[in-house]
Amino acid sequence: EAAALLAADGVTAICGTLADAIREICPGLGQIGIVHSGSKPAFYQDTPLAQRKGIVYAGQLYGWKGVFTLVDAMAQAPGETLTMVGGKDEADIVAVRERGRAFGIEDRIRLVGYVPHHEVASYLATARCAVIPLGTDIIARRFTSPMKAFEYMASGTPIVAADLPTVREILRHEESALLAPPEDAAAMAQQIKRMMSDDALAEKLRQQARQDLAQYTWDQRAKRILSFIETIPAPRDRR
């Protein structure tokens with residue numbers, strides 16, 4: 001990868017932490033731009049808060065995604081229900097189910113499994129809170145720009161997320177989301193309970209997140225890529 005990066009006239013990264021990592025690996029690298037992922041707001045229905053209920057997680061069920069922390073947090077949020085959308089590997093689904101069973105909360109966790117991407121929107125549209133429970137694995141800390149963040153923002157679903165550098169590039173605590181220390185189930189449960197019980201706070205955060213998404217549409221992403229390309233000097237002669 002280093003050889004390919006050094007041969008490029010320009011490189012884009014999906015987050016600033018990844019750009020920093022690339023610079024560490026390739027100190028002689030030329031131009032590098034940061035171009036986050038995005039979403040399409042028009043694809044999502046903005047359901048009023050009063051018509052929403054429950055908690056949702058959309059994504060894979062890999063360990064580094066923090067799904068066990070989320071299950072542990074649900075054990076500390078009595079009466080709340082969680083719908084988990086995603087997971088192609090049956091072993092991952094079983095592991096999450098068993099975690100819930102160990103806490104005696106399997107009846108409060110609905111594991112939908114994999115659904116086509118266009119169906120995810122319907123689950124987000126009806127949820128009162130959406131969670132990004134990323135852990136402290138290096139992928140989560142430095143190499144990811146979670147797509148679910150942008151989709152949650154587009155759907156107008158109030159967000160509780162792990163407080164990581166990759167997440168803070170997109171979401172701001174108490175302004176567009178509630179953040180909790182990664183892998184801290186008690187702290188995550190506390191923020192989930194706040195979001196579920198405080199309508200004024202949830203409404204403020206979801207509206208701000210939806211406004212912020214104007215920076216992260218696919219059209220804006222394309223414009224940023226084109227603008228970055230225009231800053232790159234003429235291609236080097238590699239003869």
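The following legends describe close-up views of a predicted model.

**View 1. A salt bridge within helix H2 joins Arg 23 and Asp 20.** The side chains of Arg 23 and Asp 20 meet with a nitrogen-to-oxygen distance of 3.3 Å, and this pair belongs to a structure that holds 11 salt bridges. Both residues lie in helix H2, which covers residues 16–25, and they are separated by 3 residues, about one turn of the helix. An α-helix has 3.6 residues a turn, so residues three or four places apart point the same way. Arg 23 is partly exposed at a relative accessible area of 40%, and Asp 20 is likewise partly exposed, with 39% relative accessibility.

**View 2. Buried residues of helix H2 pack against several neighbouring elements.** In H2, the buried residues are Gly 16, Thr 17, Leu 18, Ala 19, Ala 21 and Ile 22. They pack against two strands, S1 (10–13) and S2 (31–34), and against the helices H1 (2–7), H6 (138–143) and H8. Asp 20, by contrast, counts as partly exposed, as does Arg 23.

**View 3. Glu 98 and Arg 101 form a salt bridge within helix H4.** The N-to-O distance between the side chains of Glu 98 and Arg 101 is 2.4 Å. Both residues sit in helix H4 (residues 90–103), where 3 residues, or about one turn of the helix, separate them. Glu 98 is partly exposed at 41% relative accessibility, and Arg 101 is also partly exposed, with a value of 41%.

**View 4. Helices H3 and H4 pack in a roughly parallel arrangement.** Helix H3, made of residues 67–75, packs with H4 at an angle of about 25°, and the two axes are 10 Å apart. Because angles under 35 degrees count as roughly parallel, the two helices are described in that way. The crossing in which H3 passes H4 is right-handed. On the H3 side the contact involves Val 67, Phe 68, Val 71, Asp 72 and Ala 75, which meet Ala 95, Val 96, Arg 99, Gly 100 and Phe 103 of H4. By class, these contact residues comprise 7 nonpolar, 1 polar and 2 charged.

**View 5. Helices H7 and H10 pack roughly perpendicular to each other.** Helix H7 (residues 147–155) meets helix H10 (residues 199–212) at an angle of about 115°, with a distance of 8 Å between the axes. Since the range from 65 to 115 degrees counts as roughly perpendicular, the pair H7 and H10 is placed in that class. H7 passes H10 in a crossing that is left-handed. Met 153, Ala 154 and Ser 155 make the contact from H7, while Ala 209, Arg 210 and Asp 212 make it from H10. The contact of H7 with H10 contains 3 nonpolar, 1 polar and 2 charged residues.

**View 6. Asp 163 and Arg 168 form a salt bridge, and other salt bridges share partners in a network.** The closest N and O atoms of Asp 163 and Arg 168 are 2.7 Å apart. Asp 163 is partly exposed at 30% relative accessibility, and Arg 168 is partly exposed with a relative accessible area of 44%. Elsewhere in the legend's subject, Asp 46, Glu 203 and Arg 206 are joined into one network by salt bridges that share partners.

**View 7. Glu 174 and Glu 183 are non-glycine residues with positive phi values.** Most residues other than glycine have a negative phi. Glu 174, however, has a positive phi of about 70°, and phi of Glu 183 is near 65°. Glu 174 is placed in the loop between helix H8 (165–168) and strand S8 (178–180), and Glu 174 is partly exposed at 28% relative accessibility. Glu 183 lies in the loop that runs between S8 and helix H9 (185–197).

**View 8. Arg 194 of helix H9 touches residues that include Glu 174.** Leaving aside residues up to four places away in sequence, Arg 194 touches Glu 174, Leu 178 and Leu 201. Arg 194 is found in H9 and counts as partly exposed, with 28% relative accessibility. Arg 194 and Val 160 are 34 residues apart in sequence, and their C-alpha atoms are 9.7 Å apart in space.

Definitions and conventions: Residues numbered from 1 in each chain as written. Predicted model: local features only at pLDDT ≥ 70, side-chain atom pairs only at ≥ 80, totals over all residues. Heavy atoms only, no water. Salt bridge = Lys/Arg side-chain N within 4 Å of Asp/Glu carboxyl O. Helix = DSSP H or I, 4+ residues; strand = E, 2+ residues; numbered from the N terminus. Buried < 20%, exposed > 50% of the residue type's maximum accessible area, 1.4 Å probe, protein only. Axes fitted to C-alpha atoms, helices over the stretch in contact; angles between N-to-C directions. Parallel < 35°, antiparallel > 145°, perpendicular 65-115°, else oblique. Left-handed = near helix turned anticlockwise from the far one by under 90°. Contact = heavy atoms within 4.5 Å. Nonpolar A, V, L, I, M, F, W, Y, C, P; charged D, E, K, R; others polar.
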